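Colleague: Please take one strand of this predicted model and walk me through its surroundings. I would like its partners, its cover and its ring contacts in one connected account.

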Amino acid sequence: MDKSTLLAPVARREPIANSESAVRERDQEQCPICGVADADLWAQGPDRLHGRTEEYTLLRCSACSLVWLSSPPRPEEMHLHYTEAYHKLISGAGDNSVKRWKGRKADLVQQKRSGALLDLGCSSGSFLESMRSESWKLYGIEMSPECAKAAEARCGAQVFVGNILDAPFPPESFDVITCFDVLEHLFEPRQVMEKVATWLKPGGIFFVQVPNIDSAEARAFGTYWHGLELPRHLFHYSPESLRFLAESTGLQQVALESRRNPAVGTSLRYVWDDAFRAVGIRRTPVAYRGQASLPWRAGRKLVRLTVLRFLLAVAPILGGGEAIHAIFRKGEPLEHEPSTSASKMHRLLKRRGSVNISRNPSLRMEPPKPSSLLD
């Protein structure tokens with residue numbers, strides 16, 4: 001494919017207005033999770049991965065701390081932002097993450113050692129493959145038919161192709177549901193979390209990982225932070241907002257912590273790209289760069305041994321780790337009330353008079369056939 005085609009900008013939306021009325025309208029935008037209409041401007045930035053210049057606006061809820069993309073591209077436009085180059089980078093990272101999958105498996109088996117497991121956004125099935133054994137019945141949900149087919153061939157999982165909310169699984173189907181680096185991409189996180197709570201068996205667990213908007217790197221780099229991934233990441237979670245989202249649907253926290261998952265090298269590339277652009281030099285965006293030259297690799301190694309080592313040393317002072325790892329459990333039938341922290345948040349929002357938290361009724365589904373949940 002011609003590189004000029006790869007670098008062509010997507011069709012532009014209307015520019016972000018900064019008039020007094022536009023700012024007032026933005027401030028009154030309701031939080032998609034807790035419903036509070038009291039948002040602050042958090043940041044504005046472009047899609048740095050593809051080197052595009054259109055600015056996107058991020059708002060932060062003053063109540064639950066969620067950060068979200070205001071006026072995101074429409075779902076039918078998102079394919080313009082999930083380019084072939086992006087998918088190549090992501091699939092390569094997943095397939096080369098044996099150590100990462102090993103760590104997640106170790107965390108999971110401390111809670112559950114067998115049963116039915118569903119992976120949301122399973123891609124080509126690298127995590128499901130790491131769980132393959134006689135102890136587990138594996139399922140996945142994946143938007144890409146090609147990736148779904150690869151996952152089924154790779155690990156024998158049954159994979160539903162399509163949107164998570166359209167998957168026809170009956171209630172209480174799964175002992176474990178996993179969601180790694182996917183929740184931030186979804187347009188309807190509350191509905192998805194409610195679906196997770198419906199699909200889990202009593203005592204089942206939801207194991208989720210998302211980027212941490214309150215991490216040291218996010219605070220240090222701002223809109224240059226690799227984890228923003230504008231406009232593909234629609235929501236940006238802190239430990240508090242993720243906990244509130246899960247607990248408000250009746251799930252109970254088992255474990256929640258931030259862990260180091262540094263991507264300083266990519267964030268620094270974004271900074272360098274802007275510095276070069278300021279003096280009239282346009283570099284190939286990160287998404288389209290091939291193998292780095294020997295001088296560049298040598299310089300990068302020097303940066304890792306000096307600047308990167310220093311940044312990692314001071315990171316704990318600035319904030320938490322770059323990734324949030326959390327495990328939530330579905331209680332027994334009598335335990336399906338919001339837990340303490342969620343109840344406190346509910347009471348706070350009600351006192352403010354701006355709460356809009358309502359559960360969508362779960363879809364009525366037929367019981368599964370003995371052979372398959374997807375038949």
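Modeller: Start with a residue pair. L118 stands opposite I177 in β7. That pair belongs to the match between β4 and β7, which run parallel and are joined by 3 bridges. β7 is the strand to look at. It spans residues 174–180. Keep in mind that the model is predicted.

Now the other flank. β7 also pairs with β8, again in the parallel sense, over 6 bridges. One contact to pick out there is C179, whose bridge partner in β8 is V208. The link between these two strands passes through a helix: β7, α7 and β8 make a right-handed β-α-β unit.

Next, the helix itself. α7 covers residues 189–199. It lies across β4, β5, β7, β8, β10 and β11. Against β8, its direction is about 145°. As for burial, β7 is mostly covered, with 7 of its 7 residues buried.

Step back to the whole sheet. It is open and has 7 strands. The order is β6-β5-β4-β7-β8-β11-β10, and the pairing is mixed. β6 (158–161) and β10 (251–259) each have a single partner strand, so they stand at the edges and one side of each lacks a neighbour in the sheet. From one strand to the next, the twist averages 15°.

Follow the sheet to the β10 edge. There β10 pairs with β11, residues 323–330, in the antiparallel sense over 8 bridges. Within that pairing, L256 has A326 in β11 as its bridge partner. At the β6 edge, a helix is the feature to see. α6, residues 145–155, lies across β5 (136–142) and β6. It runs at about 175° to β6.

Back to β7, this time for its rings. A pair of aromatic rings is described by the distance of the centres and the angle of the planes. The model has 9 aromatic pairs. One of them is F127 with F180: the centres are 5.0 Å apart and the planes stand at 85°, so the pair is edge-to-face. This contact bridges distant parts of the chain, since F127 is in helix α5 (residues 126–130), F180 is in strand β7, and 53 residues separate them. F127 is buried, at a relative accessible area of 2%. F180 is buried too, at 8%.

A second pair involves F174. Its ring centre lies 5.5 Å from that of Y139, and the planes are at 70°, so this pair is also edge-to-face. Again distant parts of the chain meet: Y139 is in strand β5 and F174 in strand β7, 35 residues apart. Both Y139 and F174 are buried.

F180 has further company. Ring pairs link W101, F127, F180 and F207 into a cluster. A charge joins in as well. The charged end of R104 sits over the ring of F180, 4.4 Å from its centre. Elsewhere, the charged end of R48 sits over the ring of Y224, 3.8 Å from the centre.

To put the strand back together: β7 sits between β4 and β8 in the sheet order. α7 lies across β7. F174 pairs with Y139. F180 pairs with F127 and carries the charged end of R104 over its ring.

Key:
Residues numbered from 1 in each chain as written. Predicted model: local features only at pLDDT ≥ 70, side-chain atom pairs only at ≥ 80, totals over all residues. Heavy atoms only, no water. Pairing = 2+ DSSP bridges. Helix = DSSP H or I, 4+ residues; strand = E, 2+ residues; numbered from the N terminus. Axes fitted to C-alpha atoms, helices over the stretch in contact; angles between N-to-C directions. Contact = heavy atoms within 4.5 Å. Buried < 20%, exposed > 50% of the residue type's maximum accessible area, 1.4 Å probe, protein only. Right-handed = clockwise from strand over helix to strand, strands pointing away. Phe/Tyr/Trp six-rings, centres within 6.5 Å; stacked < 30°, edge-to-face > 60°. Lys NZ or Arg CZ within 6 Å of the ring centre and 35° of its normal.
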